[in-house]
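Reader: I would like to go through the bound ligands with you before I set anything up. Could you show me the model?

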Amino acid sequence: ISYTGKYTPLSRTELVKKLQEALTPSRFNHVLRVEQTAIQLAQKYGESVEKASIAGLVHDYAKQRPDADFIRAIKQYRLDDNLLNYGNAIWHGVVGWLFVAKELQIENIDILKAVEYHTVGHQYMSKLAQIVYMADYIEPGRDFPGVSKAREATEISLAAGVSCQTQQTLSYLIENKLPVYPQTIITYNAWVPVQT
Ligand code: GDP
Ligand code: FE
Ligand code: FE
Ligand code: FE
């Protein structure tokens with residue numbers, strides 16, 4: 001796949017090189033699998049393959065940044081102070097999209113929002129954001145209880161996949177007494193309950 005230049009001045013090869021430099025080999029390989037899964041979902045559900053490729057490649061760009069970079073960005077950009085009570089698992093998406101925009105020269109808001117929302121979701125997710133959220137969760141390297149259920153749901157519809165993942169993630173966090181980021185609960189209420 002070659003890029004049109006509409007979403008980033010970088011070629012796919014240049015983007016891949018930047019990801020490889022920013023990530024460990026196993027995380028880099030995850031990113032390549034998310035890209036391929038996102039492309040397949042884009043073809044199935046009628047989204048731009050180029051946007052799916054770019055968003056899949058860059059979604060975990062900030063995963064290996066030191067905490068200090070995120071803390072500095074949270075203050076510099078005056079993001080919600082409550083973010084400081086969390087860590088890399090939340091920051092690499094919710095804050096990491098700022099590094100993607102700046103350092104990878106990606107200005108497309110749909111791609112940046114897909115990166116921002118890929119871990120905790122959002123009440124309003126575009127088709128691309130739903131694709132990245134699901135591709136990250138069901139890429140072929142993933143093996144955890146519930147992954148086949150999530151793969152089957154995503155075959156039925158993106159919304160069914162998003163609902164399945166959001167429910168499973170919240171259950172997992174609660175089961176393990178992990179702190180729940182408030183946006184995760186907002187996402188749950190928007191996508192999971194069968195009636196309101
Ligand atoms: P990855 O970056 O490819 O490993 O995947 P994600 O970005 O989707 O998720 C990173 C981690 O964040 C996963 O282990 C999720 O279970 C976890 N996570 C998602 N939502 C929350 C939350 O609200 N609170 C906490 N503590 N962790 C969360
Ligand atoms: Fe991630
Ligand atoms: Fe995810
Ligand atoms: Fe990921």
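Author: The following exchange covers the surroundings of the ligands in this predicted model.

Reader: Let us start with ligand 1. How many residues surround ligand 1, and which are the closest?

Author: The shell around ligand 1 holds 17 residues, and the closest are Lys63, Thr119, Arg142, Pro179 and Thr184.

Reader: How do the residues of that shell divide into nonpolar, polar and charged?

Author: Six are nonpolar, six are polar and five are charged.

Reader: Which helices supply at least two residues of the shell?

Author: Helix H2 (25-45), helix H5 (88-94) and helix H10 (158-175) each do so. H5 gives the most, with three residues.

Reader: Which polar side-chain atoms lie by the oxygen atoms of ligand 1, and at what distance?

Author: A polar side-chain atom of Arg142 lies 2.8 Å from an oxygen atom of ligand 1. For His92 the corresponding distance is 3.0 Å, and for an N or O atom in the side chain of Asp60 it is 3.1 Å. Taken alone, ligand 1 exposes 590 Å², of which the protein buries 81%.

Reader: And what about the space taken by ligand 1?

Author: That space is the largest pocket.

Reader: Changing topic to the metals: which protein donors does the iron ion (ligand 4) have?

Author: They are His30 (NE2), His59 (NE2), Asp60 (OD) and Asp136 (OD), at 2.1 to 2.2 Å from the iron ion (ligand 4). Along the chain these donors follow the spacing H-x28-H-D-x75-D. Distant parts of the chain are linked here: His30 is in helix H2, while His59, 29 residues apart from His30, is in the loop between helix H3 (49-58) and helix H4 (67-76).

Reader: What are the donors of the iron ion (ligand 2), then?

Author: Asp60 (OD), His92 (NE2) and His118 (NE2) are its protein donors, lying 2.1 to 2.2 Å from the iron ion (ligand 2). Their spacing along the chain is D-x31-H-x25-H. Here Asp60, in the loop between H3 and H4, is paired with His92 in helix H5, and the two are 32 residues apart.

Reader: Which residue bridges the iron ion (ligand 4) and the iron ion (ligand 2), and how far apart do they lie?

Author: Asp60 bridges the two ions, which lie 3.5 Å apart. Asp60 also has a side-chain N or O atom 3.1 Å from an oxygen atom of ligand 1.

Reader: How far is the iron ion (ligand 2) from the iron ion (ligand 3)?

Author: The iron ion (ligand 2) and the iron ion (ligand 3) are 5.4 Å apart.

Definitions and conventions. Residues numbered from 1 in each chain as written. Chains lettered and ligands numbered in written order. Predicted model: local features only at pLDDT ≥ 70, side-chain atom pairs only at ≥ 80, totals over all residues. Heavy atoms only, no water. Near = heavy atom within 4 Å. Polar contact = N/O pair within 3.5 Å; in protein donor to acceptor, adjacent residues only side chain to side chain. Areas by Shrake-Rupley, 256 points an atom, 1.4 Å probe, with all protein chains shown as cover. 1 Å grid on protein atoms, 1.4 Å probe; cavity = no way out; pocket = protein on both sides within 12 Å on 5 of 7 lines; lining within 4 Å. Sits in = over half its atoms within 2 Å of the grid points. Helix = DSSP H or I, 4+ residues; strand = E, 2+ residues; numbered from the N terminus. Nonpolar A, V, L, I, M, F, W, Y, C, P; charged D, E, K, R; others polar. Donors = N, O, S within 2.8 Å, 3.2 Å for Na, K, Ca; no water.
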